[in-house]
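Subject: Structure handover and findings

Hello,

Here is the structure I said I would pass on. My notes follow below it.

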Amino acid sequence: MPEDTVESPDTAMEGGRVPESAVLAAFDERDLNLVNALQINPRASWTRIGASLGMDATTAARRWQQLTASGLAWITAYAPELATIAYLRVRCRADRLAEISDRVAAMPCAFSVERVTGGFPLQLSVAVENLAALDDFTTRELGGLPGVEEIRTAVNQHVYVEGSHWRPQALDPTQRTLLTDPVGSAPARSRPRPGDPALVLALAADGRRSIADLARDTGLTETTVRRRITDMTRSGRLVLRCDFAEQAAGWSVTANYWAQLPAPAIDAVGAALASWPEIRLCVSTADDSNVQLIAWLRNPREGVLLETRLQRDFPDLRITERQLTLRTIKRMGRLLSPRGRAVGYIPFDIWGRKPEQPSR
């Protein structure tokens, strides 16, 4: 597997690469602490990260390089407000499932791809420019693949919590405070400016890229790059997300739920579920099942306990479908191994998307 390189703003190891002997086999407590720190503040300096974890900047940077080289953790950047997001469930012939999975995973707009239990064995999340582009993707690209039999499309209407907000709760309150920037008034939201898409794409594969590298790749000045990253992240137009191979860290089960709620109850339930530690995604959708939930669990038994709690706390919630993820093939553009390690990356460039012409 190719080794990633991560340049540290405070220090750089010889050659910018991690020696093969340093590649990690699994997470330990320090790794989870480091991931948690970078979830809270993905672009914090290594000096600040190290101080919050009780280690020096060089050690923090080296540990992160080892994690990325091992495919155990990574930081992605994306702009949710610049795209139409939809969640697709695909029914297909069993003998074509592996081929279709690979074909779909290679498509830039399909940013997450999973094989799951149940009647729709392929589930994907897509980001496209608008609803017309979504129609083109489902009817021409996905629907035209040999073996695809049925597609159910649920368009995202509102996100209550998603992967960038999920935390393993490895750090104590004092450590979290050291990493949290002061909350100021968010800048006014504005239309995308020239250069914004290029900046998002330049950050997408590695959310910790240096300002100098980003300026070089986008043609913007370093001052402009720094200001735009600050403004876009504070306004929510740019999201920086630290992900990791959850199986290696002890979360062995991903449970997907589709549910129905009366429309007046959705906001209150969504806001409440955003604070549940198991819930990684809670969105309202334009679908008969108007709520989608994804939970990370440590064992199957926790799924029963989660459903029991859902029914107890929200009696109006009716689960219509439930699936367990058999394998995550792609997450936020990262191609994953069967054990969940990052082994490749496909940028989700919704602006330059050209529909694939499926072969028959």
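Is Glu 246 buried or exposed? Glu 246 is buried, with a relative accessible area of 4%. Before the rest, please keep in mind that this is a predicted model.

Salt bridges

Glu 246 has a charged partner: its side chain meets that of Arg 331 in a salt bridge, with N to O at 3.1 Å. The two residues come from distant parts of the chain, 85 residues apart. Glu 246 sits in the loop between strand E6 (239-244) and strand E7 (253-260), while Arg 331 belongs to strand E10 (residues 318-331). Arg 331 is buried as well, at a relative accessible area of 8%. Both values fall under the 20% cut-off for buried, so Glu 246 and Arg 331 form a pair with both partners buried.

A second salt bridge runs between Glu 278 and Arg 309, whose closest N and O atoms are 3.7 Å apart. Glu 278 is in the loop between helix H10 (263-273) and strand E8 (279-286), and Arg 309 is in helix H11 (residues 301-313), so this pair ties together parts that are 31 residues apart in sequence. Glu 278 counts as buried, with a relative accessible area of 19%. Arg 309 is partly exposed, at 27%.

The salt bridge between Asp 217 and Arg 216 joins neighbours in sequence. Its N to O distance is 3.2 Å. Here Asp 217 is partly exposed, with a relative accessible area of 43%, and Arg 216 is exposed at 56%.

Over the whole structure, the search finds 25 salt bridges. Some share partners: Asp 28, Arg 30, Asp 31 and Arg 63 are joined into one network in this way.

Helix packing

Two of the residues in that network, Arg 30 and Asp 31, also appear in a contact between helices. Helix H1 (residues 29-40) packs on helix H3 (residues 57-69) at an angle of about 95 degrees, and their axes are 11 Å apart. H1 is therefore roughly perpendicular to H3. On the H1 side, the contact is made by Arg 30, Asp 31, Leu 34, Val 35 and Leu 38. H3 contributes Ala 60, Arg 63, Trp 64 and Leu 67. By class, the residues of the contact of H1 with H3 are six nonpolar, three charged and no polar.

The other helix pair I looked at is H7 (residues 196-204) with H9 (residues 222-235). Their angle is about 85 degrees, with the axes 11 Å apart, and H7 and H9 are therefore roughly perpendicular to each other. From H7, the contact uses Asp 196, Leu 199, Val 200 and Leu 203. From H9, it uses Val 225, Arg 228, Ile 229 and Met 232. Six residues of this contact are nonpolar, two are charged and none is polar.

Loops and backbone

Pro 194 lies in the loop between H6 and H7. With a relative accessibility of 71%, Pro 194 counts as exposed. Its C-alpha atom is 9.9 Å from that of Leu 220, and the two residues are 26 residues apart along the chain.

Two residues deserve a look for their backbone angles. Most residues other than glycine have a negative phi. Gln 169 is not a glycine, yet has a positive phi of about 55 degrees. Gln 169 is found in the loop between strand E5 (148-161) and helix H6 (173-179). Met 332 also has a positive phi, near 50 degrees. Met 332 is in the loop between E10 and strand E11 (334-336), and counts as buried at 5% relative accessibility.

The chain as a whole

The protein chain has 11 helices and 12 strands. Of its 360 residues, 53% are buried. Among contacts with a separation of 6 or more, 76% are between residues 24 or more positions apart. The chain exposes about 16,200 Å², and carbon and sulfur atoms supply 51% of that area.

Regards

Note on methods
Residues are numbered from 1 along each chain as its sequence is written. This is a predicted model: local features need pLDDT of at least 70, side-chain atom pairs count only at pLDDT 80 or more; totals for chains, interfaces and linings use all residues. Side-chain values use heavy atoms; hydrogens and water are left out. Axes are lines fitted to C-alpha atoms, for helices over the stretch in contact, and angles run from 0 to 180 degrees between N-to-C directions. Helices (H or I, at least four residues) and strands (E, at least two) are DSSP runs, numbered from the N terminus. Angles under 35 degrees count as roughly parallel, over 145 as roughly antiparallel, 65 to 115 as roughly perpendicular and the rest as oblique. Contact means heavy atoms within 4.5 Å. Ala, Val, Leu, Ile, Met, Phe, Trp, Tyr, Cys and Pro count as nonpolar, Asp, Glu, Lys and Arg as charged, and the others, Gly among them, as polar. A salt bridge is a side-chain nitrogen of Lys or Arg within 4 Å of a carboxyl oxygen of Asp or Glu. Buried means under 20% relative accessible area, exposed over 50%, partly exposed in between (1.4 Å probe, protein chains only). Accessible areas come from the Shrake-Rupley method with a 1.4 Å probe; for residues, only the protein chains shown count as cover.
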